[in-house]
Amino acid sequence: MSFTLYRRPGGLVFLDDDRDYLEMLGEVMPPDWFVRLFLRPIACIELLQQDCQLRDADAWSQQQIVNRWREGALLIPQILQYWRGDGAARFALAQVAVVDYAMPAMSGLRMLGELTQWPGSRILLTGRADEQLAVSAFNRGLINQFIPKQSPELRLRLIGAIQDLRHQPDKRHQQIWYATLSPAQHALLGDPLIGEALENLMRQQGWTEHVVIGAPFGVLGLDARGNASWLQLEPEENLQELAEIALSQGWNASTVEDIRSGGKLIDLELQLALGDSHQPQPRESLVMRGDARRLYAAIFPISESFSPGLTASYERFLASHGERRLPED
C-alpha cells in the first residue's frame with residue numbers, strides 16, 4: 001500500500017563543519033520545518049541515538065492504542081488523547097539527516113554508519129571528488145540520496161529531496177495502523193486514483209498530521225493550530241446501511257435519500273466515539289473514483305473541547321523550538 005496511513009511533521013538534522021555553509025542551510029529551509037544544526041559529528045550522533053529511544057516509546061504509545069481497540073476501546077477518542085497528552089514532543093523526532101561527506105574529524109559516511117538503529121532518511125552532501133563514493137554508498141543502501149554541493153539551484157534540489165523523503169510512509173507506523181483496516185479497506189486505499197484524491201483533499205484541508213483507521217473507516221486529521229477534523233469514508237455498498245440508520249434515528253426522508261444516493265454523508269459513528277455532546281450533521285460528500293470502485297468522503301469538524309488545541313499544536317511547537325541557532329564551538 002502506497003498511501004500513508006500515519007503522517008506528521010518530522011524534524012530535520014543538518015551536519016556540516018563549515019559554519020557559514022551550515023548557517024546558509026538553516027536560513028533557506030522552509031520556515032514551517034523544524035531544523036537543528038550541528039557542526040560536530042559526535043553531538044549529532046548522540047542526538048539521533050537518543051531519538052531512537054524516543055521513537056520506540058512513541059511507536060509503543062501508538063501500538064497500545066491499537067491493542068486497547070482490540071479489547072473494545074474506541075479508536076478516535078484514544079487518538080485525540082494521544083495528541084493532547086503528547087505535548088507536541090513527537091514533532092521533535094528527526095525524520096531526515098543531511099550530512100556533509102568531507103569533514104576532518106569523521107566523514108559523513110562514517111558518521112551515518114554509526115547510526116545502525118536510526119530509521120530516518122539520509123542525504124549526503126558531496127564535493128566533486130566524492131561523487132563516486134556517494135554512488136557506491138547509494139547502491140549499497142547506506143544513503144537515500146546524495147546531492148553535490150556544486151549543483152545548480154542547490155536550495156530547490158535539496159528542499160525537493162527532503163520533501164519527498166518526509167512524505168515517505170514510516171514502515172513501523174504503516175504496520176501499526178494497517179492492523180485496524182479490513183481487506184476491502186486495504187484495497188480501496190491501495191487504488192492509486194483514490195490515494196491521489198485523498199492526498200489532494202487532505203492538502204486542501206491544511207492538515208499537518210493524519211491517521212487512517214478502519215473502525216470507523218476514515219481519516220482523523222490535525223492542522224497546525226491543533227484543530228481536529230474527521231474525514232469520513234464510505235464505500236458505495238455501505239450507503240444503503242448508513243441511510244437506514246439515519247432513518248431509524250429520525251432524520252427526514254430528503255436527508256435519508258441524499259445519504260442513500262451518496263450526495264451526503266452523516267457522522268453517526270463520530271457521535272458514538274465522542275458522545276452525545278457531538279451532534280451529527282449531514283454534509284455534502286465528494287466522490288473518489290478508483291479503477292473499479294467508488295469511495296464517498298465528507299469532512300466533519302471536531303469541536304475544540306475534543307481537539308488538542310493551540311497549546312499542543314505544531315504551530316506552538318515551532319514558536320517554542322523553531323529557532324535555528326548554530327551550536328557553540
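The legends below describe several close-up views of a predicted model.

**View 1. The whole chain, with its 13 helices and 13 strands.**
In this predicted model, the C-alpha trace of the chain spans about 75 × 40 × 35 Å along its principal axes. The chain has 329 residues, and 51% of them count as buried. The views that follow take up a sheet, a helix, two pockets and two buried side chains.

**View 2. An open sheet of 6 strands with antiparallel pairing.**
Read across the sheet, the strands come in the order E1-E7-E8-E9-E13-E12. Strand E1, made of residues 6–7, and strand E12, made of residues 286–289, stand at the edges, and because each has a single partner strand, one side of each is left without a neighbour in the sheet. Elsewhere in this sheet, strand E8 (residues 217–223) is joined by 5 bridges to strand E9 (residues 228–235), and these two strands run antiparallel. Within that pairing, Gly 218 can be found opposite Gln 232 of E9.

**View 3. Strand E7 and its partners E1 and E8.**
Strand E7 comprises residues 207–214 and is mostly covered, since 7 of its 8 residues are buried. With E1 the strand E7 pairs in the antiparallel sense over 2 bridges, and with E8, which also runs antiparallel to E7, there are 7 bridges. The residue to look for here is His 210, which lies in E7 opposite Arg 7 and has Gly 221 as its bridge partner in E8. The connection from E7 to E8 is a hairpin that passes through 2 residues.

**View 4. Helix H3, residues 75–86, and the glycine that follows.**
Helix H3 has 12 residues, which at 1.5 Å a residue should span 16 Å, and the end C-alpha atoms are 16 Å apart, so the expected and modelled spans agree. The buried residues of H3 are Leu 75, Ile 76, Gln 78, Ile 79, Leu 80, Tyr 82 and Trp 83. After the helix comes Gly 87, a residue whose phi is positive, near 65°.

**View 5. Arg 90, a buried residue in the loop between H3 and E4.**
The loop that holds Arg 90 runs between helix H3 and strand E4. Arg 90 has a relative accessibility of 1%, and because buried means under 20%, this residue counts as buried. The side chain of Arg 90 makes a polar contact of 2.9 Å with the side chain of Glu 209.

**View 6. The largest pocket, with about 700 Å³ of space.**
The lining of this pocket has 31 residues, and those closest to its centre are Arg 55, Pro 119, Gly 120, Asp 170 and Lys 171. At least two lining residues are supplied by each of E1, helix H2 (41–70), strand E4 (94–100), strand E5 (121–126), helix H6 (154–166) and helix H7 (171–178). Among these elements, H2 gives the most, with 5 residues. Sorted by class, the lining of the largest pocket contains 10 nonpolar, 10 polar and 11 charged residues.

**View 7. His 173 in helix H7.**
With a relative accessible area of 9%, His 173 falls under the 20% limit and is therefore buried. The side chain of His 173 is joined to the side chain of Gln 62 by a polar contact of 3.4 Å. Helix H7, in which His 173 lies, is one of the elements that supply at least two residues to the lining of the largest pocket.

**View 8. The second largest pocket, with about 520 Å³ of space.**
This pocket is lined by 22 residues, and Arg 7, Arg 166, His 167, Trp 207 and Thr 208 lie nearest its centre. The elements that each supply at least two residues of this lining are H6, helix H9 (192–205), strand E7 and helix H13 (314–321). The largest share, 4 residues, comes from E7, the strand that was described above as mostly covered. By class, the lining of the second largest pocket is made of 7 nonpolar, 7 polar and 8 charged residues. Arg 7, one of the residues nearest the centre of this pocket, is also the residue that stands opposite His 210 in E7.

Note on methods:
Residues numbered from 1 in each chain as written. Predicted model: local features only at pLDDT ≥ 70, side-chain atom pairs only at ≥ 80, totals over all residues. Heavy atoms only, no water. Expected span 1.5 Å × (residues − 1). Buried < 20%, exposed > 50% of the residue type's maximum accessible area, 1.4 Å probe, protein only. Pairing = 2+ DSSP bridges. 1 Å grid on protein atoms, 1.4 Å probe; cavity = no way out; pocket = protein on both sides within 12 Å on 5 of 7 lines; lining within 4 Å. Points joined across faces, edges and corners; volume = space filled by probe spheres on them. Nonpolar A, V, L, I, M, F, W, Y, C, P; charged D, E, K, R; others polar. Polar contact = N/O pair within 3.5 Å; in protein donor to acceptor, adjacent residues only side chain to side chain.
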